[in-house]
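Trainee: Could you take one part of this model and walk me through it closely? I would like to see how the pieces around it connect.

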Amino acid sequence: MKRISATAPVIEGKQYHIACGPKDVAKSVLLPGDPARVGKIASLWDSAKEVANHREYHTMTGAYQKTPISCTSTGIGAPSLAIAVEELSRIGVE
């Protein structure tokens, strides 16, 4: 396992918990809690593909009205939300 710091493990260029790298997600990401909502949300987009599904973190990326967009579930509670937000920010999400 390659590490970028003691608190931020990276495996094959992807964040450990969300299993995503910089090219996997758009700059804007929707953050529902329930992983089952990710597919429902992405079904409303013009295009979508699954890019990761690891633990409670399910991620899909696509486009809505020609705008790149992603959706990552955060699981339940503030700690898992914090992990998702931290790891997404490390790979360029605004």
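Mentor: Happily; here is a walk through the open sheet, the helix beside it in this account, and the cysteines.

A word on the ground rules: this is a predicted model, in which local features need pLDDT of at least 70 and side-chain atom pairs count only at pLDDT 80 or more, while totals for chains, interfaces and linings use all residues. Residues are numbered from 1 along each chain as its sequence is written, and side-chain values use heavy atoms, with hydrogens and water left out.

Let's start with the sheet. Four strands make up an open sheet, ordered β4-β7-β6-β5, with mixed pairing. Its edge strands are β4 and β5, each of which pairs on one side only. Helices (H or I, at least four residues) and strands (E, at least two) are DSSP runs, numbered from the N terminus, and two strands pair if DSSP finds at least two bridges between them.

Now cross the sheet from the β5 edge. Strand β5 (residues 47-54) runs antiparallel to β6, joined by seven bridges. Along this pairing, A52 faces T59 of β6, and K49 has T61 as its bridge partner. A hairpin links β5 and β6 with two residues between them, and R55 in that turn has a positive phi of about 55°. Seven of the eight residues of β6 are buried, where buried means under 20% relative accessible area, exposed over 50%, and partly exposed in between (1.4 Å probe, protein chains only).

The next step goes from β6 to β7, an antiparallel pairing over six bridges. Here M60 stands opposite C71. This hairpin also has two residues between its strands, and Q65 takes a positive phi near 50°. At the other edge, β4 and β7 run parallel, joined by two bridges, and L30 has C71 of β7 as its bridge partner.

T72, also in β7, deserves a pause. Its relative accessibility is 0%, so T72 counts as buried. The T72 side chain makes a polar contact with the side chain of T59, at 3.0 Å; such a contact is a pair of N or O atoms within 3.5 Å, where within protein one must be able to donate a hydrogen and the other to accept it, and residues adjacent in sequence count only if both atoms are side-chain atoms. Beyond its neighbours within four places in sequence, T72 is in contact (heavy atoms within 4.5 Å) with residues including V29, L30, V38, H58 and L88.

L88 brings us to helix α2. The 13 residues of α2 (residues 78-90) should span 18 Å at 1.5 Å a residue, and the end C-alpha atoms are 18 Å apart, which agrees; the expected span is 1.5 Å times one less than the number of residues. S80, A84, E87 and L88 are buried in α2. Viewed down the axis, the buried residues fall within an arc of 100°, so they line one face of the helix; that arc is taken from the directions from the helix axis to the C-beta atoms. On the other side of α2, A78 and P79 are exposed. The cover over the buried residues of α2 includes β3 (14-15), β4 (29-30), β6 (57-64) and β7 (67-72). After α2 comes G92, with a positive phi near 105°.

Finally, the cysteines. The whole structure holds zero disulfides, a disulfide being a pair of cysteine sulfur atoms within 2.5 Å. C71 is buried, at 0% relative accessible area, and C20 likewise counts as buried at 0% relative accessibility. The closest cysteine sulfur to that of C20 is in C71, 11 Å away, which is too far for a bond.
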